[in-house]
Amino acid sequence: MVAVDLAEVSTEALMAEIQHRLDCTRKPEKRIILIGPPGCGKGTQSPRIKHEHCLCHLATGDMLRAAVAEKTPLGLEAKKAMESGALVSDEIVIGLIEEATQKPECSKGFILDGFPRTVVQAQKLDEMLAKRGQSIDKVLNFQVPDSLLVERVTGRWVHPASGRSYHEKFAPPKVAGVDDLTGEPLIKRKDDNAETLKARLGAFHSQTTPVIEYYSKRVVALKADRPQDEVASSIAQAL
Ligand code: AP5
């Protein structure tokens, strides 16, 4: 965590943060899954949902990339599958989520972004939550035709530390190549190329679409091939 000198934070910003935290105490708990193909906008929409509903944002892809960068044993095991566009093992991601959902910032609930991606992961998640007397409230199914995803994924730039994503055409940063908030350099993900995207889409259609059926009673379909603000409005209505 980065230490912040409060003397450098404006009174207005501090008051806004306190007001937000007070508002959060009155929000109901929520546990949400975002599901959809690579590049459909899950990571883009998550920060707004997180702020609005006071949830933590748990993206298994971000967690795995951090483990790969740190060269942990888990990261070394996940690296090959990720770079080829295949899924990493269910055991690895279930362990990550089990630990992460118990963090204090998840006390009001969570957004799962990129998990569960197989029916086995969904079943294990439900078992884990049932033991805690909890369950999933909503599953938002981001629908975007495959043909649009190549341009979205190959034009993406990310800020690795925060997971913020930009697009050179649809959501450019204020200054090319640098993160709007920190000024740090943006990078291209290794798996964001047309070849690997084919394998990622294959994994989505064969292994992840059955998860949508598994949660059929809690699924809300979202047309996610529209501008970001329109998608955000549909999400606000759905939640
Ligand atoms: P992960 O990191 O989860 O990747 P993904 O699911 O392929 O999703 P993306 O991050 O590519 O897409 P996104 O929907 O977040 O899109 P974004 O908002 O950035 O997983 C990576 C790998 O990790 C997997 O392949 C697998 O190996 C492994 N893994 C992860 N979880 C796993 C699990 N549970 N089990 C097993 N393995 C797992 O948007 C994309 C671009 O489009 C951006 O540039 C954005 O600016 C732009 N954009 C967004 N919305 C719009 C819009 N409405 N209009 C125009 N452009 C838009």
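Visitor: What makes up the shell around the ligand, class by class?
Guide: The shell has 13 nonpolar, eleven polar and nine charged residues. Bear in mind that this is a predicted model. In total, 33 residues surround the ligand, and the closest are Thr 44, Ala 86, Arg 117, Arg 156 and Arg 226.

Visitor: Why do Ala 86 and the three arginines there fall into separate classes?
Guide: Ala counts as nonpolar, while Arg counts as charged. Ala 86 is therefore nonpolar, and Arg 117, Arg 156 and Arg 226 are charged.

Visitor: How do you know that Thr 60 makes a polar contact with the ligand?
Guide: The cut-off is a pair of N or O atoms within 3.5 Å. A polar side-chain atom of Thr 60 sits 2.8 Å from a nitrogen atom of the ligand, so the pair qualifies.

Visitor: And what about Ser 165 and the ligand?
Guide: There, a polar side-chain atom of Ser 165 is 3.1 Å from an oxygen atom of the ligand. That is also within 3.5 Å, so this pair is a polar contact too. With Gly 39, a polar backbone atom is the partner, 2.8 Å from a ligand oxygen. As for cover, the ligand taken alone exposes 1100 Å², and the protein buries 96% of that.

Visitor: Which element gives the most to the shell around the ligand?
Guide: That would be H3, with four residues. Helix H2 (42-53), H3 and strand E6 (164-167) each supply at least two.

Visitor: Which residues are buried in helix H3?
Guide: In H3, which covers residues 60-70, they are Thr 60, Gly 61, Met 63, Leu 64 and Ala 67.

Visitor: What makes you say that they are on the same side of H3?
Guide: Look at the arc around the axis: they cover only 165 degrees, which puts them on the same side of H3. These buried residues pack against strand E2 (56-59), helix H4 (73-84), helix H5 (90-100) and strand E3 (109-113). On the face turned away from the buried side, you'll find the exposed residues Ala 69 and Glu 70.

Visitor: Why is Lys 71 called exposed?
Guide: Exposed means over 50% relative accessible area. Lys 71 has 62%, so it counts as exposed. Its place is in the loop between H3 and H4.

Visitor: What is the phi of Lys 71?
Guide: Phi is near 55 degrees, a positive value in a residue other than glycine. Cys 54 has a positive phi as well, near 60 degrees. You'll find Cys 54 in the loop between H2 and E2.

Visitor: Is Cys 54 buried or exposed?
Guide: Buried means under 20%. Cys 54 has a relative accessible area of 11%, so Cys 54 is buried.

Visitor: How do you know that Gln 45 belongs in the buried group?
Guide: Use the cut-off again: under 20% is buried. Gln 45 comes out at 3%, so the label fits. Gln 45 lies in helix H2. Leaving aside neighbours within four places in sequence, Gln 45 is in contact with Phe 142, Gln 228, Val 231, Ala 232 and Ile 235.

Visitor: What is the omega of the peptide bond from Phe 115 to Pro 116?
Guide: Omega is near -5 degrees, and this bond is cis. Pro 116 is in the loop between E3 and helix H6 (119-131).

Definitions and conventions:
Residues are numbered from 1 along each chain as its sequence is written. This is a predicted model: local features need pLDDT of at least 70, side-chain atom pairs count only at pLDDT 80 or more; totals for chains, interfaces and linings use all residues. Side-chain values use heavy atoms; hydrogens and water are left out. Buried means under 20% relative accessible area, exposed over 50%, partly exposed in between (1.4 Å probe, protein chains only). The arc is that of the directions from the helix axis to the C-beta atoms. Contact means heavy atoms within 4.5 Å. A residue is near a molecule or strand if one of its heavy atoms lies within 4 Å of it. A polar contact is a pair of N or O atoms within 3.5 Å; within protein, one must be able to donate a hydrogen and the other to accept it, and residues adjacent in sequence count only if both atoms are side-chain atoms. Accessible areas come from the Shrake-Rupley method with a 1.4 Å probe; for residues, only the protein chains shown count as cover.
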